[in-house]
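Student: Could you take a close look at one salt bridge in this model for me, and then work outwards from there to the rest of the chain?

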Amino acid sequence: LAPPPFCSLFDTSNRPSNSGHMSVRKSKSVGAGLGVYGGAWGAAPYKNHPWLPTAQVLAALLMFWPLWTSYNAFAGAGCSWSAGVSASQTLLAWVMVMPMSIVNHLGHAAARKWVPVLQKLDRTTIALSSILGCWALSQALIFTTGAAVLAGVTVALMWIGTPQYRDSEILASGLVAVCILYGLVPMTIFRESWDSCFLPALGAILSGFAIFQTDWLGVWTDSVWHFVLGIYTHYCMQSAVALDSSCSA
């Protein structure tokens, strides 16, 4: 019989773990098999697609689109960094998200698969930025403490949770989505009257979640998702500007 290829000697992916002659069965992560990536980190849904690198680079570049829509609303309202406190914090919250998201997509373009550590760093910065975003739209310490607790639990489960939790991409992404939605609640309870920006912002982010999870646009899904985020950031900024105006009146 011919010996196995040399590289197979170092492939332990299909080798059972043994401890005292007893095999160890790895427990499934929460949500295993669910979601666009099968619930796991490091998926490669379009590894052999010829347009994958181009689509992921485009998705990285389109992270500047929500920044532009947000800044355009900021500048159009005549805000300044010193006078528009809520508006400035809302803009900064998006800026916090950008670096790791861009690196995550460029990593996907280079490796032709999602890189788990970059995915987790991306989700981590989104969760943390939601704290600032919540404060920006509420200016309420107790309510923002709730956002901090939620984000802290999300990050902890991703990095130091038991394997069934930290290995679950869909759990982390779901909790990050909850963080984002929690950050929109101030539009409904910390305003003197109905905030007309709430429904457009909510509609945009829910549409984005649907596009992301159904993946119906294939390799271009992330690019369209980031474009939709530009609508969400625009209305978040409009709400922050209105809050600054009511506070200074």
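Tutor: Sure, let's start with the pair itself. R123 and E169 form a salt bridge, and their closest N and O atoms are 3.0 Å apart. Keep in mind that this is a predicted model, and that the distance is computed from its coordinates. The two partners come from distant parts of the chain: R123 sits in helix 4 and E169 in helix 7, with their positions 46 residues apart. Side chains of opposite charge can pair when their charged atoms come close.

Now, is this pair buried or exposed? The cut-off for buried is under 20% relative accessible area. R123 has 8% relative accessibility, so R123 counts as buried. E169 is down at 1%, so E169 is buried too.

R123 has another partner as well. D122 forms a salt bridge with R123, with the closest N and O atoms 3.1 Å apart. D122 is buried, just like R123. The count of salt bridges comes to 3, and the one still to mention joins D195 and R191, with 3.2 Å between the closest N and O atoms. D195 has a relative accessibility of 7% and is therefore buried. R191, at 18%, also falls under the 20% cut-off, so R191 counts as buried. As for how these bridges connect, shared partners join D122, R123 and E169 into one network.

Let's follow E169 into its helix. Helix 7 covers residues 169-182, and helix 5 packs against helix 7 at an angle of about 170°, with the axes 10 Å apart. Angles over 145 degrees count as roughly antiparallel, so helix 5 and helix 7 get that label. On the helix 5 side of the contact you find F143, G146, A147, L150, A151, T154, L157 and M158. They meet L171, A172, L175, V176, V178, C179 and Y182 of helix 7.

Helix 7 also packs with helix 9 (residues 198-214), again at about 170°, here with the axes 11 Å apart. Helix 7 and helix 9 are therefore roughly antiparallel as well. In this contact, A177, I180 and L181 of helix 7 meet L202, I205, L206 and F209 of helix 9.

Back to the helix that holds R123. Helix 4 spans residues 116-138, and there is a residue with positive phi in the loop on either side. R112 lies in the loop between helix 3 and helix 4. Its phi is near 60°, a positive value in a residue other than glycine. With a relative accessible area of 27%, R112 is partly exposed. On the other side, Q139 is in the loop between helix 4 and helix 5, which covers 141-160. Q139 is not a glycine either, yet its phi is positive, at about 55°. Q139 is partly exposed, with 30% relative accessible area.

For a contrast with the buried charges, look at the surface. L92, V95, M96 and L128 make up a nonpolar patch there, with about 310 Å² of accessible area together. Helix 3 (residues 85-111) gives the most to that patch, with 3 residues. L92 belongs to helix 3 and has 43% relative accessibility, which means that L92 counts as partly exposed.

S70 is another residue to zoom in on. S70 is part of helix 2 (residues 64-76) and is buried, with a relative accessible area of 1%. Leaving out residues up to four places away in sequence, S70 touches L91, T233 and M237.

Finally, let's zoom out to the whole chain. The secondary structure comes to 10 helices and 2 strands. From the N terminus on, the order is β-β-α-α-α-α-α-α-α-α-α-α. Of the 249 residues, 44% count as buried. Among contacts with a separation of 6 or more, 74% are between residues 24 or more positions apart. The accessible surface of the chain is about 13,000 Å², and 68% of that belongs to carbon and sulfur atoms. To come back to your salt bridge, R123 and E169 are 46 residues apart and link distant parts of this chain.

Terms used
Residues numbered from 1 in each chain as written. Predicted model: local features only at pLDDT ≥ 70, side-chain atom pairs only at ≥ 80, totals over all residues. Heavy atoms only, no water. Patch = residues over 30% accessible without salt bridge, like charges linked within 9 Å, V, L, I, M, F, W, Y side chains within 5 Å. Areas by Shrake-Rupley, 256 points an atom, 1.4 Å probe, with all protein chains shown as cover. Salt bridge = Lys/Arg side-chain N within 4 Å of Asp/Glu carboxyl O. Helix = DSSP H or I, 4+ residues; strand = E, 2+ residues; numbered from the N terminus. Buried < 20%, exposed > 50% of the residue type's maximum accessible area, 1.4 Å probe, protein only. Axes fitted to C-alpha atoms, helices over the stretch in contact; angles between N-to-C directions. Parallel < 35°, antiparallel > 145°, perpendicular 65-115°, else oblique. Contact = heavy atoms within 4.5 Å.
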